[in-house]
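Dear colleague,

Please find below the structure that I am handing over to you, with its sequence. My findings follow directly after it.

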Amino acid sequence: MQTKSVMLQTLCVPCACRCRYCLLSWNGRTIGADYDRSQRFAERFYDWLQRERPDISFHFSFGYSMDHPRLFDALDFLNGIGSVGGQFLQCDGMAFRTEKELNELLGGMKAHGAKHLNFTVYGTEAYHDRFAGRKGDHAYLLRMMESAAKIGLQVSVGVPLTKENVAQVDELLQILGAHGGEDVHLLIPHGEGRGVKLESIRLSLEDLSKISEHARSKLNRKVYQTEAEWCKIKGGEPEQNRLLLISLTDENMDRLERMPISEIIREVEALDEAYYGAFPSFATLLDQYGDAGGQRLYSRRDLFHRCRRQYAKEHDIHIYDVTDERQSGSRRY
């Protein structure tokens, strides 16, 4: 398993939404270390990698939302170190703004290097607002999309697709297109974070057949396959690479600042290897837990994650979870 990149993050910025589908299980309390201290640490980490491990790419990020109080300064830093978040911004959960404030925000984003804004929309207005936990959120996202497109920022939209909202998709695509959101990707919600609660409404192949061919074309069926399809190919090719996620908190900052960067990397690699070493291969897990006739749709990562949960429960395995992206861990690919 080869470490190809490192993502250093601090979850220090609040999110204005409380979505039913949240990778980071946002509960209204930030857990990240102070931003300025984290940025200084990120600079040290970046400089070391440039000197000692230029084969590893480096990115720095903050969350739970992009609504940083000094966003433009943060974008300058991100772009200065070549971090992807300086140009690609996920703009969910930002505070409501007046038209003047929104134009100043979007114009400033563009002036400080942003090129592409991404939004998550859960359905038509009433459904989306309930799902996101904020009345007015749907209308606000449409305003942001339209304003961003007008000043030349690229706009894309992700729509998590379930049994609950699939009937809204064709109408939603028309609404999004009329507001600058023409680049739409349908996705199947994963079962990580708060997404585990959506398993009962996971989309099936039959559900997918109820929407137009145009809408179906926006779901990548190479990425999202039925459980039966994954079983047939034994889970596909195993992962060869990993991204290390290092999450900075008030509890770990003192210790990490004292450690050599090389030791931090080895420590998180060891967490990754211990976690995956506790489970059989995906192909073996599918033989035990996979439904060879299952018609619900999964990504490879998500179905592997579900099978590991089943195995851990059956074998009473309690191990540090490197897939919980609120804490340090890894993402294999």
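Thr249 is placed in the loop between E8 and helix H10 (253-258). In this predicted model, Thr249 counts as buried, at 13% relative accessibility, because the limit for a buried residue is under 20%. Leaving aside neighbours within four places in sequence, the residues in contact with Thr249 are Ile31, Gly32 and Ala33.

Strand E8 itself belongs to an open sheet of four strands, in the order E2-E1-E8-E10 and with mixed pairing. At the edges are strand E2 (57-64) and strand E10 (329-332), each of which pairs on one side only. On average, and with direction ignored, neighbouring strands of this sheet are turned by 25° against each other.

Two of the pairings may be described in detail. Strand E1 (residues 2-13) and strand E8 (residues 241-248) run parallel and are joined by eight bridges; Leu8 stands opposite Ile246 in E8. E1 also pairs with E2 in the parallel sense, over eight bridges, and here Met7 stands opposite His59 in E2. As a general point, side chains in a regular strand alternate between the two faces of the sheet. E2 is mostly covered, with seven of its eight residues buried. Across E1, E8 and E10 lies helix H11 (residues 261-277), which runs at about 115° to E8.

I turn next to the aromatic residues. The structure holds 15 aromatic pairs. One of them is formed by Trp26 and Tyr64, whose ring centres are 4.4 Å apart; the planes stand at 50°, so the pair counts as tilted. This pair links distant parts of the chain, since Trp26 lies in the loop between E1 and helix H1 (35-52) and Tyr64 lies in strand E2, 38 residues apart. Both partners are buried: Trp26 has a relative accessible area of 5%, and Tyr64 has one of 13%.

A further pair is that of Phe45 and Phe58, with ring centres 5.4 Å apart and planes at 10°; it is therefore classed as stacked. Here too distant parts of the chain are linked, with Phe45 in helix H1 and Phe58 in strand E2, 13 residues apart. Phe45 and Phe58 are both buried.

One aromatic cluster is formed by Tyr275, Tyr276, Phe279, Phe282, Phe304 and Tyr311. Phe304 also has a charged partner: the charged end of Arg308 sits over its ring, 4.5 Å from the centre. Elsewhere, Arg134 lies over the face of Phe96, at 4.0 Å from the ring centre.

Several backbone details deserve your attention when you prepare the model. In general, most residues other than glycine have a negative phi, and most peptide bonds are trans. Gly63 and Tyr64, however, are joined by a cis peptide bond, with omega at about 20°; Tyr64 is found in strand E2. Ser25 has a phi near 50°, a positive value in a residue other than glycine, and is found in the loop between E1 and H1. Lys234, likewise not a glycine, has a positive phi of about 55°. Lys234 is found in the loop between helix H9 (227-232) and E8 and is partly exposed, with a relative accessible area of 44%.

How many disulfides does a search of the whole structure find? The result is zero. For Cys19, the closest cysteine sulfur is that of Cys17, 4.9 Å away and so too far for a bond, given that a disulfide requires sulfur atoms within 2.5 Å. Cys19 counts as buried, at 16% relative accessibility. For Cys231, the closest cysteine sulfur is in Cys307, at 7.6 Å, which is likewise too far for a bond. Cys231 also counts as buried, with a relative accessibility of 14%.

Finally, Ser281 lies in the loop between H11 and helix H12 (282-289). Ser281 is partly exposed, with a relative accessible area of 42%. Ser281 and Asp254 are 27 residues apart in sequence and 37 Å apart in space, taken from C-alpha to C-alpha.

With kind regards

Conventions:
Residues are numbered from 1 along each chain as its sequence is written. This is a predicted model: local features need pLDDT of at least 70, side-chain atom pairs count only at pLDDT 80 or more; totals for chains, interfaces and linings use all residues. Side-chain values use heavy atoms; hydrogens and water are left out. Two strands pair if DSSP finds at least two bridges between them. Helices (H or I, at least four residues) and strands (E, at least two) are DSSP runs, numbered from the N terminus. Axes are lines fitted to C-alpha atoms, for helices over the stretch in contact, and angles run from 0 to 180 degrees between N-to-C directions. Contact means heavy atoms within 4.5 Å. Rings of Phe, Tyr and Trp (its six-membered ring) pair if their centres lie within 6.5 Å; planes under 30 degrees apart count as stacked, over 60 as edge-to-face and the rest as tilted. Buried means under 20% relative accessible area, exposed over 50%, partly exposed in between (1.4 Å probe, protein chains only). A charge sits over a ring if NZ of Lys or CZ of Arg is within 6 Å of the ring centre and within 35 degrees of the ring normal.
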